[in-house]
Amino acid sequence: QLRFSESGGGLVQPGGSLRLSCSASEFPLRLYHVAWFRQAPGKEREGVSSISSRDGTNANFADSVKGRFTISRDNAKNTAYLQMSSLKPEDTAIYFCAALLDPYSSEFIPPFYDPAWSGWGQGTQVTVSS
């Protein structure tokens, strides 16, 4: 079973930055595509960003975060990151990471709505407020 530990959230003012970390245990993260999702109170979970397996050649971003968020991975540390800049109050949510096995080293990243994304952890709270 995939297990993640998300960290790095907190309270930040609008325009500020945070870097979230997603650490995997008990499996080699490099074999998996990794995605970040978020869920705000009263709203459905939505995909934020994803990165392809192995060397992370490809990445996808939700329109709402393009140009503000970047995603990366450090396979040696079995960890993926979400760098968030120019944060807005509407970015306030619990952020989760998930993974999807990529046995054939495909650069194609399945869409956020693919039910195969799994490994939901406790998430990390991000609050953007003045």
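# A walk through the fold, starting at F27

Select F27: its relative accessibility is 8%, so this residue counts as buried, since buried means under 20% relative accessible area. Before going further, please keep in mind that the model you have open is a predicted one.

**Stop 1: rings around F27**

Keep F27 on screen and show the aromatic side chains. There are four aromatic pairs in the structure. In one of them, F27 meets Y32: the ring centres are 5.0 Å apart and the planes stand at 70 degrees, so this is an edge-to-face pair. Now click on Y32. With a relative accessible area of 12%, Y32 is buried. Add F4 to the selection, and you have a cluster in which ring pairs link F4, F27 and Y32.

**Stop 2: from F4 along strand 1**

F4 leads to strand 1, so select residues 3–7. Which residues lie on its covered face, and which on its uncovered one? F4 and E6 are on the covered face, while R3, S5 and S7 are on the uncovered face. In a regular strand, side chains alternate between the two faces of the sheet.

Next, bring in strand 3, residues 18–25. Strands 1 and 3 pair in the antiparallel sense, with five bridges between them. Two places to look along this pairing are F4, which stands opposite A24 in strand 3, and S7, which stands opposite S21 in strand 3.

Widen the view to the whole sheet. Its four strands run in the order 1-3-8-7, forming an open sheet with antiparallel pairing. Strand 1 and strand 7 are the edges, each pairing on one side only. From one strand to the next, the twist averages 20 degrees.

**Stop 3: the disulfide**

Stay with strand 3 and pick out C22. How many disulfides does the structure hold? It holds one, and this bond joins C22 to C97, with the sulfur atoms 2.1 Å apart. The torsion about the S-S bond of C22 and C97 is about 80 degrees, so the disulfide is right-handed. C22 belongs to strand 3 and C97 to strand 9, so-called distant parts of the chain, 75 residues apart. Both C22 and C97 are buried.

**Stop 4: the other sheet**

C97 has brought you to strand 9, residues 93–101. Which order do the strands take in its sheet? The order is 2-10-9-4-5-6: six strands in an open sheet, with mixed pairing. At the edges are strand 2 (10–12) and strand 6 (59–61), each pairing on one side only. Here the twist averages 25 degrees from one strand to the next.

Move to the strand 6 edge. Strand 5 and strand 6 pair in the antiparallel sense over three bridges. Select S50 and look across to its bridge partner in strand 6, N60.

**Stop 5: the largest nonpolar core**

In soluble globular proteins, nonpolar side chains tend to be buried together. To see this idea at work, select F4, W36, F69, L82, M84 and Y95, the residues that touch the most other members of the 29-residue largest nonpolar core. Several strands each supply at least two residues of this core, among them strand 3, strand 4 (32–39), strand 7 (69–74) and strand 8 (79–84).

Now centre on Y95. Beyond its close sequence neighbours, up to four places away, Y95 touches E6, L20, W36, F37, R38, V48, F69, L82, M84, G123, T124 and V126. Another core lies apart from the largest one: it has six residues, including A35, A98, L100 and W117.

**Stop 6: W117 and its surroundings**

Follow that second core to W117, which lies in the loop between strand 9 and strand 10. Is W117 buried or exposed? Its relative accessibility is 3%, so W117 counts as buried. Leaving aside neighbours within four places in sequence, the contacts of W117 include H33, V34, A35, F37, S50, A98 and F112. For a sense of scale, draw a line from W117 to K77: their C-alpha atoms are 21 Å apart, and the two are 40 residues apart in sequence.

**Last stop: F37 and F112**

Finish with two of those contacts. At 4% relative accessibility, F37 counts as buried. F37 and F112 form an edge-to-face aromatic pair, 5.7 Å centre to centre with 75 degrees between the planes. F37 is in strand 4 and F112 in the loop between strand 9 and strand 10, so the pair ties together parts 75 residues apart in sequence. F112, with a relative accessible area of 25%, is partly exposed.

Methods. Residues are numbered from 1 along each chain as its sequence is written. Side-chain values use heavy atoms; hydrogens and water are left out. A nonpolar core is a set of buried Ala, Val, Leu, Ile, Met, Phe, Trp, Tyr and Cys residues joined through side-chain atoms within 4.5 Å. Buried means under 20% relative accessible area, exposed over 50%, partly exposed in between (1.4 Å probe, protein chains only). Contact means heavy atoms within 4.5 Å. Two strands pair if DSSP finds at least two bridges between them. Axes are lines fitted to C-alpha atoms, for helices over the stretch in contact, and angles run from 0 to 180 degrees between N-to-C directions. A disulfide is a pair of cysteine sulfur atoms within 2.5 Å. Rings of Phe, Tyr and Trp (its six-membered ring) pair if their centres lie within 6.5 Å; planes under 30 degrees apart count as stacked, over 60 as edge-to-face and the rest as tilted.
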